[in-house]
Amino acid sequence: MKQLKLFTLALLTISLPAYFWSCSSDEATPPAPQVTSDKPTLNLVPYQDDVATLTIVAPATFESITAVADNGVVTVSDITGTGTKTATAKLNYTAPDITGNFKITVTITDKANQITTEDVNVAVTAKAPVTLGAGNITLAKLEKGTTYIAAGGLVIPEGSTLTIEEDVTVIFDGDGTATAPELTVKGKLYSYGTAQKPVKFTIPVAKRIKANIFAGLWGGIQATDKATEVVLLYTHIEYAGAPAGPGNPSVDNGMYEDGAARYGLLITNPEGKFVMQHSRIAYTSDDGMRVVGGTVLITNNIYELNGRTGGESVNIKSGVKGTVAYNFAYRSATNAYKWSNASGFAATPQTDVDAYNNTAVECGWRQTKSGRGGSLNIEKAGRGQCYNNLSVNCRFGVRVVSDADIDNLTLGYSLYFGTEQVMVDEFYPTAGAIVKGDKETNMDVVGLVGEKDPKFEAYTLTGFVSADVKDPAVLDFMPASVDFHVKSDSPALAKGKTGLTLKPAIVIDGKTYSAPVASNFIGAFGTK
Amino acid sequence: MRKRFYTLFLVILFSSATGSLMAAIVKGKLLDENKDPMIGAHVIVKGGKQYCIVGLDGSFSISGLPVGSHMVTASFVGYLAQEKEVTITSNDQIVVLEFSLEQDQKMLNEVVVLGSVEGGSELEARNSERNSSTVMNVISARAIEISPDITVANVVQRVSGVSLVRNSNGDPQYAIIRGMDKRYNYTLVNGIKIPSPDEKNRYIPLDIFPASLLERLEVSKTLTPDMEGDAVGGVVNMIMKNAAGQLTVKGDVQVGYNQIFINREFLKFDKKAVDYQTPYDKYGPIYQAQITDFSKKNLDITSVKPLPDILGSVSYGNRFFKGKLGVLVAGSFQNSYRGTNSTWFKVAIDTKGSNAPSLDELQERTYSTQQERYAFHIKSDYALNQRNKIKLYIGNYALKNSQTRDMMVSQLDARYYSAEDGNAILSFKTRTQIVQQNIFNTTLQGDHQLASFIKMNWSAVYSNATNKQPDNAQFETNGSLTNFEQGPVTVERYMPRSWQSSTEQDYAGYLNLIMKPDFLGPQNEISFGGMYRKKDRENFYNKYSFDPAPPTQTKGVDWNTFSDVTLIVINPQGSVYDALNYDAHENVLDYYVQGKFQLFQKVNVVGGFRVENTDQGYTLRFPPSNVEPSLSQIYTDILPSVSVKYKLNDQMNIRSSYFKSISRPGYFEIVPYRRGGDQTDGLPEIGNPELKHARAHNVDLRWEYFPSNFDQILIGAFYKKILDPIEYASVFDATGSSVIQPGNYGTAYNWGIELDYTKYFNKFGVKANYTFTNSTITTTKTLWAREDPNDQSSTLIQLTPNQTRPLQGQAKHIGNLVLLYKDQKSGTNLQLAFVYTGERIESISPYLDNDSWVKPILQLDFSAEQRISKHFELFAKIQNLLNSPYEVIIKKQHLLPEKEYKLQTSYSSTLIRRDEYYQSYRLGVRYTL
């Protein structure tokens, strides 16, 4: 007992100074914070989101947390325990659009300004393509970075909306026959690509070859009269034009006769709204796109090699009201842009289109009929404005057919260039109703053979021979190196008409799409 | 058995005429007890050369008899000859003779067993008209024989109130009766309805039937309860040749030529190169057709001078087993080459408010058509005994038209076009097609006198009709004309080739009971009956399109004929996904009760009602997902009718009638099809499953006067109220687009007056008829106009005003005039036939004031016949003597009158079509045993 007392006393004697020593060492630093993640590695596919929960021990009390990623997007949220020794936070991460091993660096600072960094590893592996079953699309959204493979014809059902995010590719593996699949739109389609990451409707990579430029392998996008809204931003449609046939909803809806080539895009709702900007329609066997009714805004698009032996790039009919501006067409079979009111609807019988600042290059050479247009055509009861259009080496200039609503059509300020007499002879087409001097054509920039070269940045016009582009079998892709901006000494500059009264803006999905103002240059691009 | 006496009056007049050198004359009239002339009877002076054949009015006259005593014989087929002695005492004597011929009893017996008298004669025809309980016009075989007509369609236009719809050869094809379109009429063979080879509708092309097989043609314009009730205009009944009382053999051979092929050449293609099956038929639906699967030779055209037309017919009839079995076998073959030169203007409608037609294209067309008609029939009857008789009819009618259509199109909608300077954008289209139609009918009938007061007859019928249009192929090229110089010619894309075929089959049974119980009185009868017909039809349609590959192939460089052109098939699996691939059915069960009563000796009443149960429908073979794949319309109609004939005296009747009738939709019209709707120019056409059958109330009044058996004056009037008539009009579909759709557009009214006059003056005859028709229907039309008519900058809008117009095909004035000369002694017949058809709507435009109208047309045909021996006659026929052009106009001047266009000379109308067919000549010989 006495020994126990002694031991306790001795212990006290030792511990007391130790206690006081420790109290007196107040200036000494506690250990640095430590952090652990519930997910040491994030295994993701491109664009995929993930959340990791971080647990922090900070003996010197927790102050703040930051995170940076060497690729992808990271944020920190739900921070708890600030000012205490233990804390938690959530690490929110979105994988980049590429595959690879990346890291998120988390930095913790404590009250003592001690900094701990910890890496959370990210492994982004390629995303497997998603197969969309034939028939109605049940998804509300096609997710970005995803490749979807259509197992057959796809339908956006009446009353539903499909939103397509950037960098989505939808593959329609058509064989060029009447059974080739199409995308039928009976509801709303919002395709929101971006400049860097467009949306693509196309065929498998291996088939995207020269021999298939006019093969018309799949059925295109077919919007029925029930499709109320279609928006295509930065969206590509390629290799469409398979013949229509049994089982195609577009045939059931009377949009085509059995056997007729389907267009890259067909819009048929007279009450519908349609916006297409910064998009591209290429390699179609007939019309690139056709719009039959509705309000439209078609701007800043590229049309490449539309129509094997006939067909326009943009063919507008039947009561459409809208704007076609800043578009570029390359080697369309007949016209680049055409509007008329053929097959009219009761409520909106007149087609009223403003077409300005468009460019057409080498169009109109693949047609079997004589005198049927090769740049812009305004036909039956068409009216509107037609200014600042650039027509280069096309078969015909702007052609106004005598049954157009000529009284209510204004036009002029076009630039025509041709390397052959046959082109120059048809700047004011003999098969049309307009001659030089009519309307505002005195403001046109026009000369003899080889004169008024618009001087593209990178595309040689001189030496063009129309006979070389007549046979679709020999035509190749547009070279990647071309640039259709004009040089600073171009005769297209400062010759455009400005101050046009524009068509009203279109509002779809909470976004307002306004017609761009006309530029003082001729053509789609101006200088670089 | 009736015994008829014929008397001849002999009155001798002693003339106190001055002593001239003229010889004595014997004359008189040979009439029967009804004062009917015995045309064709012989009056012969025995031992001398003088004789006479009784003329159309029954008169005869023999001159040049010397003084003395003569035996004069009067004889007529079927009668015992009678001799009379005449004594001539002076040269200026006129003797009127009276004969009384008695019927040859032996022959008469046979006639009674046969139940028919003098089949095919004019007399029979007039008697039919007179005794019919309906308003009927009849044309006899004899009248047809001496007419210029070669098909039933030619014949029917001689009937009052009938105008004709022509095909592209200018040959009449369908009858419009009293202004009622072909859909409102039906066609019978021996009283039995036959199926149609048409791919969409129920009407029968009348040009498939050669005129030479007819015993008579009846056109009934009113209906009695024992007739099927689906005619508003009328019924064309072709009674085919019957076995006569004795051996008859008839035949004729004609050769002919058409003026048009003296003027130009015939464009011929190789018919044997035409494939009747598509790759789809041969190898199944997933087969990808290759270009080598398609014949090229059928589009290689050669120009030839065609061989002469050859037409022949032969018939043999006889009675066997003591006249109990009668058999008539007849066949006909016609091979002819027809041509048309035609100018068309394709028009669009000015959309800027004036609504004037604007000229889009000038199409200069030539048609070269080889027509081959084969017809064959057997008609036999067998009398089991006096009370029971069985009849069998088997007939087959075939028509094959092989046509080349060559067309040069000048685009007119551009300032480039100039007729003066020879500038035009041109395209050339050559189309070859074969249309092969066949109608087969077999009918077994029985007549039974079950008891003295009750008769029964029945018919069992199987018929079918087929139509084949294999490889309707078109070769299209493009060119230009600059200062009258032709530019290079290249091949067009989307060149079509289509195959179409249809088969319609009918199974039908008819049963009628006719009762004459004693208590009703001798002139009265009551009949009951019914019929059931099951009809099925199948339609097939397939189309392929072709593009040139490479796309630019220039004539003279890459090719010379179509065979040199290289093509690809755009739709290698074919395009059967067309609503024209459909099956249709129509099952009709009808029954009726009908009474015939004679009241107060002078009034005949026929009345009763008919009940028709209809089940009509379709099944689509490739139904689109959004339409009904099949449908049956089932409905019942009760159709009362009454007609009254009041016999004012022996020569005059007044008739009046009321009947209700219906008109069913065409088989295809109720199919929910949509055709031509791929945003190309022109309005799409859609079907209408909601289409109702039309019902009509018809009232007729007619006064008839028969001064003699051959002379007649008929004056009639009719009034029709048609509920829910089926018309094509421009309407808006569910989405608001303009379409053309068959629909029920309110009520149409149609009234008219008919005059019919026939008069014979011995060797001359005049037959004339005239019909005035006035019909109205109101439908909606499309009109483009500025929203604010006073502001030319306001937007264009589409209005739908109503427009009232006549029914399609109805001409206000239709007239026929036939002048006859008939010299029985020399065996000469001459006939000059005029047909006048006033203006009428050819096709309905969806646009206001733009219906196309056929201009009034007067056609003249001539025929002559000369007997050269007892058995042989020579004849000649010229059709279309005046080369009357068929012209179609829109009654509005076109948009650019200041510009020069071919044939556009009117300030008030626009010519859209002008066809010339030229004369057709035929020379033939007829043999009659």
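1. Start with strands S27 and S28 of chain B. In this predicted model, strand S27 (residues 424–451) of chain B is joined to S28(B) by 24 bridges. The two strands run antiparallel. They form a hairpin, with two residues between them. For a register check, look at B:Ser427: B:Asn478 in S28(B) stands opposite.

2. S28(B) also pairs with strand S31 (residues 495–515) of chain B. Here 18 bridges join the strands, and the sense is again antiparallel. A pair to locate on screen is B:Ala473 and B:Arg497, the latter in S31(B); these residues stand opposite each other.

3. Two short pairings of S28(B) deserve a look. With S30(B), the pairing is antiparallel and spans two bridges. B:Thr490 in S30(B) stands opposite B:Asn478. B:Asn478 also stands opposite B:Ser427. With strand S29 (residues 485–486) of chain B, S28(B) shares two bridges, also antiparallel. There the bridge partner of B:Thr482 is B:Glu485, in S29(B).

4. Check the turn between S28(B) and S29(B). These strands form a hairpin with two residues between them. B:Asn483 lies in that turn and has a positive phi of about 50°.

5. Now the contact between chains. 52 residues of chain B are in contact with 54 residues of chain A. Which strands of chain B each supply at least two residues of the side that touches chain A? They are strand S28 (454–482), strand S30 (490–491), strand S32 (525–548) and strand S47 (796–799). S32(B) gives the largest share, four residues. S28(B) and S30(B), then, pair with each other and also each supply residues to the side that touches chain A.

6. The make-up of that side of chain B is mixed: 17 residues are nonpolar, 23 polar and twelve charged.

7. A separate item is the open sheet of five strands in chain B. The order is S13-S18-S19-S16-S17, and the pairing is mixed. Why do strand S13 (136–140) and strand S17 (192–193) of chain B each have one side without a neighbour in the sheet? Both stand at the edges with a single partner strand, so one side of each is left free of a neighbour there.

8. Last, the S17(B) end of that sheet. Strand S16 (residues 185–189) of chain B and S17(B) pair in the antiparallel sense over two bridges. B:Leu188 stands opposite B:Lys193, which is in S17(B).

Technical notes
Residues numbered from 1 in each chain as written. Chains lettered and ligands numbered in written order. Predicted model: local features only at pLDDT ≥ 70, side-chain atom pairs only at ≥ 80, totals over all residues. Contact = placed C-beta atoms within 7 Å. Nonpolar A, V, L, I, M, F, W, Y, C, P; charged D, E, K, R; others polar. Pairing = 2+ DSSP bridges.
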